[in-house]
Amino acid sequence: MDTPLTISGKTFRSRLLVGTGKYPDYPTMVKALEASGAEIVTVAVRRVNLDRSKESLLDHIDPKKYTLLPNTAACYTADDAVRTCLLAREAGMSNLVKLEVIGDEKTLFPDTEGLLAAARTLVKEGFIILPYTNDDPVMAKKLEDAGCAAVMPLAAPIGSGLGIRNPYNIRIILETVKVPVIVDAGVGTASDAAVAMELGCDGVLMNTGIAGAKDPVGMAEAMREAVSAGRKAFLAGRIPRKLYATASSPIDGTFF
Amino acid sequence: MEIVVNGELRAVAEGATVRSLLRELDLPESRVAVERNRAIVRKTDYADMGLSNGDRIEIVTFVGGG
């Protein structure tokens with residue numbers, strides 16, 4: 001029997017967290033979220049549209065059904081990230097945030113120095129922080145020590161779909177920290193998600209992999225099954241890798 | 001008087017408050033967060049928080065993101 005994903009005392013049945021960006025339209029997003037089985041969905045914080053010409057995301061997402069996880073996407077400084085979190089809490093009345101401090105426009109790799117500084121400030125403000133970070137075990141430990149409720153190392157650059165570029169670092173992170181490890185960003189298809197879960201990760205967060213697929217609803221379902229299958233395989237314990245064959249049929253009783 | 005809302009100049013009546021501004025803009029209080037001159041305005045203060053000429057107001061909400 002599996003245990004639920006527990007983040008700062010809150011439990012979740014689904015180990016798949018999904019984003020709400022880049023969908024072709026809201027009805028597709030709603031169906032994809034449903035098909036993914038996700039309970040936690042990320043959202044961005046932006047200026048409200050003053051002329052009310054565009055529909056609001058919140059017309060389509062029931063906050064009673066989903067736990068909203070506001071992100072600090074597009075923040076390049078710790079100050080901007082902290083400011084965004086304070087606004088998100090006021091708008092959403094929850095302390096849960098996905099903290100990102102971006103260091104480079106082209107790769108969207110995190111600025112871990114700014115990330116750690118922002119995390120330390122936000123912990124003092126009572127936030128439950130899920131930081132988007134590098135696949136760096138030393139930084140993961142620092143974020144845990146700073147009081148983050150989980151660590152979310154990237155699989156590959158955001159939106160790249162390259163899958164887990166450094167499974168060995170993810171394994172070391174899993175051995176290094178006690179808080180949940182959620183692979184965030186870079187997952188391209190179902191097998192990538194399964195690999196993350198087979199490594200022993202506690203969850204996977206993705207957006208573009210689903211929203212950018214030809215059929216987002218179909219991909220959301222595939223990701224749900226991949227996360228579930230990968231988790232089960234991890235719990236079941238895979239066989240060790242060996243260079244040479246081991247026969248699966250007995251040698252005894254051969255008649256030739 | 002004139003204030004700046006989300007980077008746009010806007011004329012509001014004397015005595016306007018954060019609450020009256022949100023009503024004028026037809027924005028539900030439950031879905032937004034407001035900053036006045038870089039300081040967060042708590043929802044419980046919307047009615048009492050008067051606006052002054054030259055105030056810079058940011059009103060944010062949640063949009064799709066990853």
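## Working through strands, helices and an interface

Four bridges link strand E1 (residues 2–5) of chain B to strand E2 (residues 8–11) of chain B, and the two run antiparallel. Before the exercises, some ground rules: this is a predicted model, where local features need pLDDT of at least 70 and side-chain atom pairs count only at pLDDT 80 or more, while totals for chains, interfaces and linings use all residues. Residues are numbered from 1 along each chain as written, chains are lettered from A and ligands numbered from 1 in the order written, and side-chain values use heavy atoms, with hydrogens and water left out.

**Exercise 1.** Work out which residues stand opposite B:Val4 in E2(B) and in E5(B).

Step 1: get the vocabulary straight. Helices (H or I, at least four residues) and strands (E, at least two) are DSSP runs, numbered from the N terminus. Two strands pair if DSSP finds at least two bridges between them.

Step 2: look at E2(B). There, B:Leu9 is the residue opposite B:Val4. Another pair to find is B:Glu2, whose bridge partner in E2(B) is B:Ala11.

Step 3: check the turn. The hairpin of E1(B) and E2(B) has two residues between the strands, and B:Asn6 takes a positive phi near 50° there.

Step 4: switch to the other neighbour. E1(B) is joined by two bridges to strand E5 (residues 56–64) of chain B, and this pair runs parallel. In E5(B), B:Arg56 stands opposite B:Val4.

**Exercise 2.** Find the strands at the edges of the open sheet E6-E7-E8 in chain A.

Step 1: read the order. This open sheet has three strands, E6-E7-E8 (chain A), paired in parallel.

Step 2: count partners. Strand E6 (96–99) and strand E8 (152–153) of chain A each have a single partner strand, so they stand at the edges, with one side of each left without a neighbour in the sheet.

Step 3: zoom in on one pairing. E6(A) and strand E7 (residues 128–133) of chain A share four bridges in the parallel sense. Here A:Leu99 faces A:Pro131 of E7(A).

**Exercise 3.** Describe how H4(A) packs against H5(A), then do the job again for H1(A) and H8(A).

Step 1: distance and angle. The axes of helix H4 (residues 137–145) and helix H5 (residues 167–176) of chain A come within 9 Å and cross at roughly 30°. (Axes are lines fitted to C-alpha atoms, for helices over the stretch in contact; angles run from 0 to 180 degrees between N-to-C directions.)

Step 2: name the arrangement. Angles under 35 degrees count as roughly parallel, over 145 as roughly antiparallel, 65 to 115 as roughly perpendicular and the rest as oblique. H4(A) and H5(A) are therefore roughly parallel.

Step 3: list the contact (heavy atoms within 4.5 Å). H4(A) brings A:Pro137, A:Ala140, A:Lys141 and A:Glu144, while H5(A) brings A:Asn169, A:Ile172, A:Ile173 and A:Thr176.

Step 4: repeat. The axes of helix H1 (residues 26–36) and helix H8 (residues 216–236) of chain A come within 7 Å and cross at roughly 15°. That makes H1(A) and H8(A) roughly parallel too. Where they touch, A:Thr28, A:Lys31, A:Ala32, A:Ala35 and A:Ser36 of H1(A) meet A:Pro216, A:Val217, A:Ala220, A:Glu221 and A:Arg224 of H8(A).

**Exercise 4.** State how much area chain B and chain A bury between them, and which three residues of chain B supply the most of its share.

Step 1: pick your yardstick. The size of an interface is often given as the accessible area lost when the parts come together. Buried area is what two parts lose in accessible area (1.4 Å probe) on being put together, summed over both.

Step 2: count residues. Chain B puts 28 residues into the contact and chain A puts in 30.

Step 3: give the area. The two chains bury about 2600 Å² between them, 60% of it on carbon and sulfur atoms. B:Arg31, B:Phe62 and B:Gly66 supply 29% of the area that chain B buries against chain A, more than any other three residues.
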